[in-house]
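Here is a short briefing to read with the model open beside you. Take the topics in whatever order suits your bench work.

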Amino acid sequence: MKKNRLLAKWLNDDLSPDELAAFEASPDFEKYQKIKKYTAHLEAGDLDENAMLSNILSQKKATPKVVPLYKKWIFKAAAILVLALGITFAMKVFMPQTETADFGKKTAFSLPDNSEVVLNSGSEIHYKKWNWDNNRHLELKGEAYFKVAKGRKFEVQTNLGKVTVLGTQFNVKARKNKFDVVCYEGRVKVTYSNAEILLTHGQSVRFENGKEIKMTVSALKPEWIDNQICFYKENIRALLDEVERQYNIKIDLNAKDTVSLFTGKLPAKDLNTALQIISTTYHLEAKKVSHNKVIFDEK
């Protein structure tokens with residue numbers, strides 16, 4: 001306490017000679033002397049309270065920025081729209097694509113590399129657009145005709161086998177236990193079970209119940225493209241299944257399955273003629289019981 005009193009008197013030059021001598025002899029004197037030296041020039045100006053108040057009141061107050069509520073909704077709607085467009089784009093690019101041909105219909109479309117595909121009735125294809133040029137792979141259920149653009153390996157996978165090409169025209173059919181491939185141009189490699197077969201222009205192969213049948217074809221494209229249903233040694237049930245797909249009808253067979261095998265063509269746009277050919281070939285009588293149902297009875 002005494003030390004603080006002496007410090008205050010020293011700062012005010014109010015020490016007696018004896019007190020000054022004692023203070024200067026103290027160990028902290030040198031530190032106090034430096035502080036006094038560097039603060040001696042500092043001056044505290046007089047505070048003009050009235051001028052300060054006047055200056056504060058004269059300053060223009062900033063008007064708070066108010067965003068109308070409708071603008072907030074516009075911003076939100078725009079953000080939602082951008083998000084929705086992004087999701088839609090991602091789904092189109094990254095999600096698997098599906099093309100179908102319903103019974104009685106055919107579907108033609110192009111793949112990302114401009115390869116052309118025609119789906120026959122009752123068929124379906126799955127593929128991905130993403131990285132298509134480096135992974136030209138699709139899955140087929142049913143029958144399709146392909147006109148493949150040149151590029152990397154092109155694969156058609158079915159539940160019965162696989163077809164691999166580089167650039168060519170070919171037809172693939174996978175129905176029940178039957179796997180048919182026809183090459184119309186170039187070369188295709190057919191993989192079925194443990195077998196691999198190379199087909200060239202005009203060659204065809206069929207696998208049915210593990211049996212392999214090779215054939216030659218003279219047509220330049222599948223007959224069904226021109227609305228002709230072509231059969232080669234087909235039993236009546238397989239024949240009627242194809243007619244059901246092409247005409248989108250239901251056919252009941254009230255007769256014993258005949259052992260006769262059918263080779264020939266049926267029209268895909270003239271049901272009456274098709275029914276007449278079947279009736280004559282198998283000695284049956286066709287009855288239309290509704291616009292989409294036919295019954296075959298024995299004569």
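**Exposed loop residues**

With a relative accessibility of 52%, W130 counts as exposed, because the cut-off for that class is over 50%. Please keep in mind that this is a predicted model. From this tryptophan the briefing moves on to other loop residues, two pockets, a helix and some paired strands.

*W130 and its surroundings*

- W130 sits in the loop that links β4 (123-127) with β5 (136-147).
- Although W130 and P112 are 18 residues apart along the chain, their C-alpha atoms are separated by 9.2 Å.

*Residues with a positive phi*

- As background, most residues other than glycine have a negative phi.
- S193 is not a glycine, yet its phi is positive, at about 55°.
- You will find S193 in the loop between β10 (187-192) and β11 (195-200), and its relative accessibility of 61% means that S193 counts as exposed.
- N209 is likewise not a glycine and has a positive phi of about 55°.
- The loop that holds N209 runs between β12 and β13, and N209 counts as exposed because its relative accessibility is 62%.
- N248, just after α6, also takes a positive phi, again of about 55°.

**The largest pocket**

- The space in the largest pocket comes to about 520 Å³.
- Its lining is made up of 27 residues, and those nearest the centre are V182, R206, E223, C230 and F231.
- Strands that each give at least two residues to this lining are β8 (169-175), β9 (178-185), β12 (203-208), β13 (211-216), β14 (228-234) and β16 (262-267).
- β14 contributes the most to the lining of the largest pocket, with six residues.
- Sorted by class, the lining of the largest pocket holds eleven nonpolar, eight polar and eight charged residues.

**The second largest pocket**

- The second largest pocket has about 270 Å³ of volume.
- It is lined by 15 residues, with R175, K176, A238, D241 and R245 closest to its centre.
- β8, β14 and α6 (236-247) each provide at least two residues of the lining of the second largest pocket.
- What does α6 give to this lining? It gives the most, with six residues.
- The lining of the second largest pocket has ten charged residues, along with three nonpolar and two polar ones.

**Helix α6**

- α6 has twelve residues, which at 1.5 Å a residue should span 16 Å; the end C-alpha atoms are 16 Å apart, so the two values agree.
- Is α6 mostly covered or mostly open? It is mostly covered, as ten of the twelve residues of α6 are buried.
- Among the buried residues of α6 are I236, L239, L240, V243 and Y247.
- The buried residues of α6 also include D241, E242, E244, R245 and Q246.
- At the start of α6, N235 places a side-chain oxygen within 3.1 Å of the backbone nitrogen of R237.

**Strand β15 and its partner**

- β15 (residues 250-254) has side chains that alternate along the strand.
- I251 and L253 point to one face of β15 and are buried, whereas K250, D252 and N254 point to the other face and are not buried.
- β15 pairs with strand β18 (residues 293-298) in the parallel sense, over five bridges.
- Opposite I251, in β18, stands V294.

**Strands β5, β6 and β7**

- β5 and strand β6 (residues 154-157) run parallel and are joined by four bridges.
- Which residue of β6 stands opposite L138? That residue is V156.
- On to the next pair: β6 and strand β7 (residues 162-165) run antiparallel, and four bridges join them.
- E155 has T164 in β7 as its bridge partner.
- β6 and β7 form a hairpin, with four residues between the two strands.

Technical notes: Residues numbered from 1 in each chain as written. Predicted model: local features only at pLDDT ≥ 70, side-chain atom pairs only at ≥ 80, totals over all residues. Heavy atoms only, no water. 1 Å grid on protein atoms, 1.4 Å probe; cavity = no way out; pocket = protein on both sides within 12 Å on 5 of 7 lines; lining within 4 Å. Points joined across faces, edges and corners; volume = space filled by probe spheres on them. Nonpolar A, V, L, I, M, F, W, Y, C, P; charged D, E, K, R; others polar. Buried < 20%, exposed > 50% of the residue type's maximum accessible area, 1.4 Å probe, protein only. Pairing = 2+ DSSP bridges. Expected span 1.5 Å × (residues − 1). Polar contact = N/O pair within 3.5 Å; in protein donor to acceptor, adjacent residues only side chain to side chain.
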